[in-house]
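Below are my notes on the model, set out as numbered points. They take up the ligand site, the salt bridges and the surface charge.

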Amino acid sequence: MKRVEIVQLGLGYVGRAVAQIVIEERKRWMESLGLDLRYRAVADTSGALVGEELLPQAIRLKEDGGKLSELGVEPVEDVLEAEPEEGVTRIVVDLAVHGGTFDLDLLGVRNGSCLVLSNKGPLSGDSGQYESLIEAAGDRLWYEATVGAGMPIISTLKGLVDTGDEVVEIQASPSGTLGFIMSAVEEGKSFSEAVKEAVALHYAEPDPRDDLSGLDVARKAIILARTMGREIEPSEIPYESLVPDGLEEVPLPEFMERLPEADEEFAARMRSVGENHMLRYLARIPAEGPIEVGLTEAAIETPFGPINGPENVFDFRTRRYSDVTLTVTGPGAGPERTASGVVGDMLDIVRKIVRNEED
Ligand SMILES: NC(=O)c1ccc[n+]([C@@H]2O[C@H](COP(=O)([O-])OP(=O)(O)OC[C@H]3O[C@@H](n4cnc5c(N)ncnc54)[C@H](OP(=O)(O)O)[C@@H]3O)[C@@H](O)[C@H]2O)c1
């Protein structure tokens, strides 16, 4: 039997979906894989709830907007510093937001844990930070869900590189929110209506400026570029913001109220697009040279022309896929789909342990 324990950072939308899958599926994994998978701890910003007796209560509490400290928590560092029992593999699963968990991830891998991420922050910071994590984690790092949620994007890219193909360029529309907004405007909605609809449908973050700023796409571009083997600093990737001038810092209600001020300028930009072209928010990541993130006129017959709603498109041009590119398309967001990417990584770790035991 393989004994594996999870220390999970984050019990938000994705974190709760991961915990639900683990609770529902682990009996089957025990039978099919001989896997004994348990939660060592789950953490939010208030600390770590140790053990799994209170996990169902914790999930309900977080759904209602509570903090785990209401159930009794310990510092996350203490949990990560304590060695797992002999024979137990620990997986640190970082489903938190942005940069606040980098030190915890580093502590985990330095103490021998495997690391699974849906959080882009730890892999998209400055190169010194990135390299220290990569060096400490070695081959114990999995991050499929950071780009394209549950879609096989990182595994596809690694498969191309590992089998000796040369990636010439990746072009991607990796933001469901921006894809949705662009196609809604094409259908005749105003920019402000499209943004409000994206928020109402939970495609966009509660503060849609997080998506409109382009930072999320830039982070994904950095992760893809680094996976291609490029050494880059985030500052080398200028990204175009769709947040209207003057509304960057105003409170959210004022932002939403004043958003129609930008409608005419956005509509004019749409009207200026050439015939048989569509305006798309894309990332272009060549093997060498500048990485571009921003609005681009895409010809209608390319994979980016027909994007509909929150769909993601990743187009790989490689030595082997040159005349006809390799295109992966699908819904690149949503807690349950993201969770399936995360759980898929966890099961990969288990399969790797089995292979190592057999060697
Ligand atoms: N949702 C998607 O479709 C999707 C798709 C791909 C990738 N992702 C990525 O997956 C991650 C989670 O997304 P989400 O939608 O679940 O976000 P969320 O609902 O905002 O949840 C984030 C969780 O992380 C916790 N957290 C934040 N900082 C922490 C820290 N320093 N230590 C421990 N816990 C911390 C938060 O705790 P509190 O509750 O105390 O604030 C919260 O429980 C994000 O990085 C996101 O970019 C999401």
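1. In this predicted model, the side chain of threonine 338 places an N or O atom 3.4 Å from an oxygen atom of the ligand. Taken alone, the ligand exposes 910 Å², and the protein buries 78% of that area.

2. Two further side chains make polar contacts with ligand oxygen. For lysine 62, a polar side-chain atom lies 2.7 Å from an oxygen atom of the ligand. For serine 118, the distance from a side-chain N or O atom to a ligand oxygen is 2.8 Å.

3. The shell around the ligand holds 23 residues, and Thr45, Lys62, Lys67, Ala96 and Ser118 are the closest. Which elements each supply at least two residues of this shell? Helix H1 (13-33), strand S2 (35-44) and helix H13 (335-358) each do so.

4. Salt bridges number 21 when the whole structure is searched. One of them joins the side chains of arginine 280 and glutamate 186, with an N to O distance of 2.7 Å. This pair links distant parts of the chain: arginine 280 belongs to strand S8 (residues 277-286) and glutamate 186 to helix H7 (residues 176-186), and the two are 94 residues apart.

5. On the surface, Glu74, Glu77, Asp78, Glu81 and Asp103 form a negative patch. Residues in a patch of this kind have no salt bridge, so these five acidic side chains are not part of the salt bridges in point 4. Helix H3 (residues 76-81) contributes three residues, the largest share of the patch. Glutamate 81 is located in helix H3.

Conventions:
Residues are numbered from 1 along each chain as its sequence is written. This is a predicted model: local features need pLDDT of at least 70, side-chain atom pairs count only at pLDDT 80 or more; totals for chains, interfaces and linings use all residues. Side-chain values use heavy atoms; hydrogens and water are left out. Patches are made of residues with over 30% relative accessible area and no salt bridge: like charges are joined within 9 Å, nonpolar side chains (Val, Leu, Ile, Met, Phe, Trp, Tyr) within 5 Å. Accessible areas come from the Shrake-Rupley method with a 1.4 Å probe; for residues, only the protein chains shown count as cover. A salt bridge is a side-chain nitrogen of Lys or Arg within 4 Å of a carboxyl oxygen of Asp or Glu. Lys and Arg count as positive and Asp and Glu as negative; His and the chain ends are not counted. The place of a charge is taken as NZ of Lys, CZ of Arg, CG of Asp or CD of Glu. Helices (H or I, at least four residues) and strands (E, at least two) are DSSP runs, numbered from the N terminus. A residue is near a molecule or strand if one of its heavy atoms lies within 4 Å of it. A polar contact is a pair of N or O atoms within 3.5 Å; within protein, one must be able to donate a hydrogen and the other to accept it, and residues adjacent in sequence count only if both atoms are side-chain atoms.
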